[in-house]
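Student: Hey, please walk me through this structure. I'm new to this, so keep the terms simple.

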Amino acid sequence: MDRGLSRRQVIAAARTLALGAILAPVSAPIAQPRRFRDDPFTLGVASGEPASDGFVIWTRFAPDPLNGGGLPPEAVPVQWEIATDERMRTVLQKGSATAHPELAHSVHVEVVGLEPDRPYWYRFTAGGQASPIGRSRTFPGRGAPADRLRLAWASCQHYGAGHFTPYRHLAADEIDLVLHLGDYVYAYARDDQVRPHPANAVTLEEYRNLHALYRTDADLQAAHAAFPWAVTWDDNDVENDYAGEHSAYAASTADFVRQRAAAYQAYYEHMPLRPGALQADGGVRLHRTLQFGDLAQLTLLDNRQFRDDQPCQTATKKAGRIVHDCAERLSGDRTMLGWEQEASLFGHLREPTGHWRVIAQQQLMASTVARDRAGRETAWSDGWDGYAATRDRLFGLIEDVRLDNVVVLSGDVHQYWATELRRDFMADGAPALATEFVTTSITSPTSDWPKHFRDRPYVSFVDWRYRGYARAEITPQQWRTDFRAVRSVSEPTAEAFTLASFTVDSGKAGAQAT
Ligand code: FE
Ligand code: CA
């Protein structure tokens, strides 16, 4: 049997099954506006993808959020409003939309025609019920003068591992954009949980209920309602350590392609993404660039959907692992981003626009390659060291174009790191090409393995003790990062504090402790 052909056919069949419902919503005719007996806005509201003339607003009708949503399979009409004040007194725009059962009664409205660089408020109404009011904002237009941008970034929030207390503190900050860098949900339970969490998700229904559980959290809802977000995913949003269409656990590629499509669809349904983000082939387009006036170009990457499988795997070792003397990890034929995304990123970096170049992505970009006692080289196969050629091409471009204000924002490792990104991490005195700031997890636990790397010359800071988030205040002259930690996530009332702060001066890569 031609296994290759057979595999392709099976995958194509799996895709068709998963996609029929999404691409051609076939909901029953819109019912008369229903009156909801129970609050349908249990998952709150969100906004995202801020542009100079608008943003996306989101909600999902789910009167019974943990059990499929609780609505019959019919379309629900919904109204939305945009106002210039927090009490919704001066309404600038109104519109109607339809929540389709094929998309879990989620609503994604792309609002346009607004003024640049100002706050707006929004809400939804349906069947005699009004949603909470959310606040969003537009960005200054491309090239328009902008003197300050305030970012926050977060990652890795296992709901069972702790309370989302960092988000309560984040919601009280003044932030222009929140970046989520992946592991928004985890499709497995832990044995050290402080809150109940479902076991493995595989089906669309299970991924929907998983997202809904996370979104019932009041602190997470508050952070979504307070600021626009731009999100990208990592492995656990689907399954630990998956790579492209390769799973370390699924019985077959066809099974995993079906599971991945379910996870991708549920992710789209619960995020304030543009309606066009959900692709005809079952993918979700997450690599994109946002522009904040003349101050910053923000590029989000998707390190999971298009990556090659981890290097130096064996028939029994398919997850991320420490590999020894693995030459495959250096191969120039391998890609972490997929060739199309890599070309798109490099194209954006070549554009003469934006004072700071922000690359928001999932994983620690600085190297953790080391030597074991036997003198063998060791590398973590699931991280950037497993895809070293992609990183090297990026660093080569930064050198060639002489980009001197690149800041990489990362997550995944559940630790705070500040690093200097260098063409050759091991060479003494190699110049810093860019600065990296890694946020810790919101709740997910870690261990003390970074202690082996903290004395390296390119590691400016590392701390594994705290959960929290990171924020930055960016001006043309200087970047400032605060690592905002909470003392505990096993009880819900911990205070937040600034664990460490760093500045980066314009034109000089590298984090300076303040
Ligand atoms: Fe994680
Ligand atoms: Ca992983």
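Tutor: One term to begin: a polar contact is a pair of N or O atoms within 3.5 Å; within protein, one must be able to donate a hydrogen and the other to accept it, and residues adjacent in sequence count only if both atoms are side-chain atoms. This is a predicted model, so local features need pLDDT of at least 70 and side-chain atom pairs count only at pLDDT 80 or more, while totals for chains, interfaces and linings use all residues. Residues are numbered from 1 along each chain as its sequence is written, chains are lettered from A and ligands numbered from 1 in the order written, and side-chain values use heavy atoms, leaving out hydrogens and water.

Student: Cool. What caps the N-terminal end of H4?

Tutor: Asp 217 does, with a side-chain oxygen 2.9 Å from the backbone nitrogen of Asp 219. Helices (H or I, at least four residues) and strands (E, at least two) are DSSP runs, numbered from the N terminus.

Student: And why is H4 largely enclosed?

Tutor: Because seven of its nine residues are buried. Buried means under 20% relative accessible area, exposed over 50%, and partly exposed in between, using a 1.4 Å probe and protein chains only. Among the buried ones are Asp 219, Leu 220, His 224 and Ala 226.

Student: What covers those buried residues of H4?

Tutor: The cover includes strands E1, E6, E8 and E11, plus helices H2 and H3.

Student: Switching topic: how many residues are in the largest nonpolar core?

Tutor: It has 43, and Tyr 167, Tyr 207, Tyr 214, Leu 273 and Val 284 have the most contacts inside it. Such a core is a set of buried Ala, Val, Leu, Ile, Met, Phe, Trp, Tyr and Cys residues joined through side-chain atoms within 4.5 Å.

Student: Which element gives the largest share of this core?

Tutor: That's H5, with seven residues.

Student: What does Tyr 214 touch?

Tutor: Leaving aside neighbours within four places in sequence, Tyr 214 is in contact (heavy atoms within 4.5 Å) with several residues, including Tyr 159, Phe 164, Tyr 186, His 197 and Leu 220. There's also a second, separate core of 36 residues, which includes Leu 298, Phe 437, Ala 472 and Ala 511.

Student: OK, metals now. What are the protein donors of the iron ion?

Tutor: Cys 156 (SG), Asp 183 (OD), Tyr 186 (OH) and His 414 (NE2), lying 2.1 to 2.4 Å from the iron ion (ligand 1). Donors are N, O and S atoms within 2.8 Å of the metal (3.2 Å for Na, K and Ca), and water is not among the atoms, so sites may look incomplete.

Student: Where in the chain are Asp 183 and His 414?

Tutor: They link distant parts: Asp 183 is in the loop between E10 and H3, and His 414 is in the loop between E18 and E19, 231 residues apart. Asp 183 and His 414 are buried, and Cys 156 is buried too, with a relative accessible area of 1%.

Student: And what holds the calcium ion?

Tutor: The calcium ion (ligand 2) has Asp 235 (OD), Asn 240 (OD1) and Asp 241 (OD) as protein donors, 2.3 to 2.4 Å away. Their spacing in sequence is D-x4-N-D, and both Asp 235 and Asp 241 are buried.

Student: Last one: which cysteines form a disulfide?

Tutor: Cys 312 and Cys 326, with sulfur atoms 2.0 Å apart; the cut-off for a disulfide is a pair of cysteine sulfurs within 2.5 Å. The structure holds one disulfide, and this link is right-handed, with 95° about the S-S bond.

Student: Are those two cysteines buried or partly exposed?

Tutor: Cys 312 is partly exposed at 21% relative accessible area, whereas Cys 326 is buried at 2%.
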